[in-house]
Amino acid sequence: MSKIIVVTSGKGGVGKTTTSAAFATGLALRGHQTVVIDFDVGLRNLDLVMGCERRVVYDLVNVINGEGNLNQALIKDKRVESLFILPASQTRDKDALTLKGVARVLEALKKRFEYIICDSPAGIEHGAIMAMYFSDEALIVTNPEVSSVRDSDRIIGMLSSKTRRAVQNLPPVKEHLLITRYSSKRVNKGDMLSVDDIKEILAIPFLGVIPESPSVLQASNAGLPVTLDEKSDAGQAYLDVVARFLGEEPPPREKKGFLTRLFGK
Amino acid sequence: MGILSYFRALQPQKKTAKVAKERLQIIVAHERHLRDPATVDYLPLLQRELIEVIRKYIVINEENIKVNIEKEGDYEILEVNITLPEANH
């Protein structure tokens with residue numbers, strides 16, 4: 001059975017595309033047939049973050065309109081076996097997506113893939129609803145910051161009212177809280193909302209936390225999903241998130257204390 | 001000015017994360033309440049049932065009763081306004 005997972009947040013700039021790329025890559029690294037779809041029609045960027053921007057020929061809207069078929073539009077990742085990207089259109093607007101069209105594409109993808117990751121656009125309008133409508137599960141990407149937490153709560157409300165599962169009275173979309181751009185240092189100083197604060201406010205199951213890290217920008221600069229950077233703390237955190245998503249309990253990462261850092265190991 | 005800010009610095013400052021959490025708890029609870037279908041949906045039903053109860057004793061029309069909810073600060077006011085028809089005795 002394939003699973004459709006939406007990566008959503010309401011607020012822009014919190015790390016949806018970074019997460020979509022890293023999470024999809026992580027699943028594929030674990031041997032799962034995975035496709036990641038860019039739903040941000042008009043402002044496509046997943047291709048750039050995944051480093052396949054020059055290989056885009058056909059896109060999601062082309063497939064929906066029958067101007068190209070799925071096989072022409074799917075881009076096979078060159079680094080990870082079993083990872084594919086379905087890019088968004090750069091020239092149309094979000095209204096080019098219809099429920100019927102999206103349903104057709106997803107049905108076709110379900111035949112080939114175990115995991116279908118939908119990278120949602122920011123906002124709470126048409127594009128965001130198209131991305132979440134058919135989802136079975138949702139990663140709610142939240143920064144430890146007031147506007148992001150509020151918008152996440154709004155999105156959680158929409159997941160329980162504006163999705164196929166809600167409309168058809170099916171079991172609800174399974175939600176996962178993913179906190180990104182986290183700085184333990186600032187939390188300890190009392191300058192930043194803690195994981196527990198955010199868990200308490202949003203009250204949805206917690207999946208993981210990704211530290212604020214320079215390696216995220218470096219990875220996107222290079223068009224590399226951060227999970228492929230073995231030295232990146234954020235990349236490692238995403239791999240743990242993937243493991244937990246798959247039902248495993250990854251061993252806690254050894255935190256390098258001051259002395260270990262000073263003297264090595 | 002200099003002295004004032006010196007004393008201000010001595011006061012224990014509330015950490016901003018704590019302020020953020022409190023503000024979020026209030027606004028999120030408020031917004032959840034507003035979008036809760038139960039909040040929006042029960043008013044017409046309440047109105048209909050009230051009419052039925054009152055009709056056992058007095059003849060009134062649907063226009064004679066107005067039910068409304070208003071939020072003021074931390075509390076809500078349920079306002080029920082029943083206009084009795086003019087007595088015809």
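Student: Before we start, what counts as a helix or a strand here?
Tutor: Helices are DSSP runs of H or I with at least four residues, strands are DSSP runs of E with at least two, and both are numbered from the N terminus; the model itself is predicted.

Student: OK, so what pattern does chain B follow along the sequence?
Tutor: Read along its sequence, chain B runs α-α-α-β-β, which comes to 3 helices and 2 strands.

Student: And how do α7 of chain A and α2 of chain B pack?
Tutor: Helix α7 of chain A, residues 146–159, packs with helix α2 of chain B, residues 16–35, at an angle of about 25°, and their axes are 10 Å apart. Because angles under 35 degrees count as roughly parallel, α7(A) is roughly parallel to α2(B).

Student: Left-handed or right-handed crossing?
Tutor: The crossing of α7(A) and α2(B) is right-handed.

Student: Which residues make that contact?
Tutor: From α7(A) the contact takes A:V146, A:V149, A:R150, A:D153, A:R154 and A:G157, while α2(B) supplies B:A20, B:L24, B:I27, B:V28, B:E31, B:R32 and B:R35. Sorted by character, the residues of this contact are 6 nonpolar, 1 polar and 6 charged.

Student: Switching topic: how much of chain B is buried?
Tutor: Of the 89 residues in chain B, 16% are buried, and the chain exposes about 7,500 Å², with carbon and sulfur atoms supplying 57% of that area.

Student: What about contacts between residues at least 24 apart in chain B?
Tutor: Taking the contacts in chain B between residues at least 6 apart in sequence, 27% join residues at least 24 apart.

Key
Residues numbered from 1 in each chain as written. Chains lettered and ligands numbered in written order. Predicted model: local features only at pLDDT ≥ 70, side-chain atom pairs only at ≥ 80, totals over all residues. Heavy atoms only, no water. Axes fitted to C-alpha atoms, helices over the stretch in contact; angles between N-to-C directions. Parallel < 35°, antiparallel > 145°, perpendicular 65-115°, else oblique. Left-handed = near helix turned anticlockwise from the far one by under 90°. Contact = heavy atoms within 4.5 Å. Nonpolar A, V, L, I, M, F, W, Y, C, P; charged D, E, K, R; others polar. Buried < 20%, exposed > 50% of the residue type's maximum accessible area, 1.4 Å probe, protein only. Areas by Shrake-Rupley, 256 points an atom, 1.4 Å probe, with all protein chains shown as cover.
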